[in-house]
Amino acid sequence: MAWSASQYVKFEDERTRPARDLLAQVPLEHVRRAVDLGCGPGNSTELIVERFGAAGVSGLDSDLNMLEAARNRMPGTPFVEADLGTWQPSEPADLLFANAVFQWLPNHLDIFDRLINGLAPCGVLAVQMPDNLTEPTHLLMEETAHAGPWKAAFEGQSVRRQPLPPPSTYYSRLIGKAAHVDIWHTAYNHPMADAAAIVEWVKGTGLRPYLDHAGDEHRDAFLADYIGRVEKAYPKMSDGRVLLRFPRFFMVAVKA
């Protein structure tokens with residue numbers, strides 16, 4: 001599945017706020033080596049550099065379009081192509097930072113367990129993941145997938161990503177290697193211009209696999225069906241806008 005940096009940054013302020021909130025809870029005064037995992041277009045990497053300075057900060061992503069955008073944005077910062085499913089730091093890192101990427105990897109608990117091994121003593125693994133599969137935006141993707149002439153493409157399978165395990169699962173898995181593990185949820189409420197704006201938002205992330213699966217032949221009709229459902233699920237507020245609720249999962253684990 002290819003990603004689009006230009007689509008992603010249409011809502012850059014809203015997408016960057018969770019990264020900023022996550023970084024605020026990282027208990028480090030300085031870093032010798034920090035890696036932004038799944039750096040995307042570099043918006044989260046920029047935050048790390050602003051806090052700790054550019055020395056020793058790098059980013060990695062598996063998508064070439066995102067890497068190109070990140071390199072254009074921050075030409076002095078190294079950005080490398082890598083698969084998070086197998087990547088391991090070549091030397092101990094003080095900070096491994098991941099904003100909205102690991103929800104796409106079903107085995108991310110195993111990956112976290114491995115990544116902690118790649119931290120320096122007292123190093124930090126900081127992770128944020130959307131936890132919004134029960135929100136109307138994502139439930140309606142499934143409804144639309146099985147409601148139109150494209151439904152044969154979805155029969156017997158789902159492109160819906162797996163739900164996150166409960167916080168206790170993360171804590172139990174990581175506390176054996178960590179001095180402490182801090183886990184919390186935040187539900188953001190984003191005022192959006194209208195239902196079409198919500199659809200534009202999810203076109204950059206969660207809706208992409210559905211559109212890819214439906215195929216070019218059905219793309220426009222799939223979007224029309226989906227936006228009709230979103231309009232009913234998100235009523236207008238007094239100023240004519242709609243409110244997008246977006247729950248997110250946060251975790252900061254400090255290596256023992």
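**Exercise 1. Find what caps the N-terminal end of helix H4, then work out which residues of H4 are buried and which are exposed.**

Step 1. Start at the cap: a side-chain oxygen of aspartate 63 lies 3.0 Å from the backbone nitrogen of asparagine 65, and in this way aspartate 63 caps the N-terminal end of H4. Please keep in mind that this is a predicted model, in which local features need pLDDT of at least 70 and side-chain atom pairs count only at pLDDT 80 or more, while totals for chains, interfaces and linings use all residues. Residues are numbered from 1 along each chain as its sequence is written, and side-chain values use heavy atoms, with hydrogens and water left out.

Step 2. Helix H4 covers residues 64–73 (helices are DSSP runs of H or I with at least four residues, numbered from the N terminus). Its buried residues are Met66, Leu67 and Ala70 (buried means under 20% relative accessible area, exposed over 50%, partly exposed in between, with a 1.4 Å probe and protein chains only).

Step 3. Now look down the axis of H4: the buried residues fall within an arc of 100°, so they line one face of the helix (the arc is that of the directions from the helix axis to the C-beta atoms). Leu64 and Asn72, on the other side of H4, are exposed.

**Exercise 2. Describe how helices H2 and H3 pack, and find a side-chain contact of asparagine 43.**

Step 1. Two packed helices are described by the angle between their axes and the distance between the axes. For H2 (residues 12–23) and H3 (residues 43–52), the angle is about 40° and the axes are 9 Å apart (axes are lines fitted to C-alpha atoms over the stretch in contact, and angles run from 0 to 180 degrees between N-to-C directions).

Step 2. H2 and H3 are therefore oblique to each other (under 35 degrees counts as roughly parallel, over 145 as roughly antiparallel, 65 to 115 as roughly perpendicular and the rest as oblique).

Step 3. Asparagine 43 belongs to H3, and its 3% relative accessibility makes it count as buried. Its side chain makes a polar contact with the side chain of threonine 16, at 2.9 Å (a pair of N or O atoms within 3.5 Å, one able to donate a hydrogen and the other to accept it; residues adjacent in sequence count only if both atoms are side-chain atoms).

**Exercise 3. Where does lysine 151 lie, and how far is its C-alpha atom from that of alanine 214?**

Step 1. Lysine 151 sits in the loop between helix H6 (136–145) and helix H7 (167–174). With 41% relative accessibility, lysine 151 counts as partly exposed.

Step 2. Lysine 151 and alanine 214 are 63 residues apart along the chain, and their C-alpha atoms are separated by 7.9 Å.

Notes:
Helix = DSSP H or I, 4+ residues; strand = E, 2+ residues; numbered from the N terminus.
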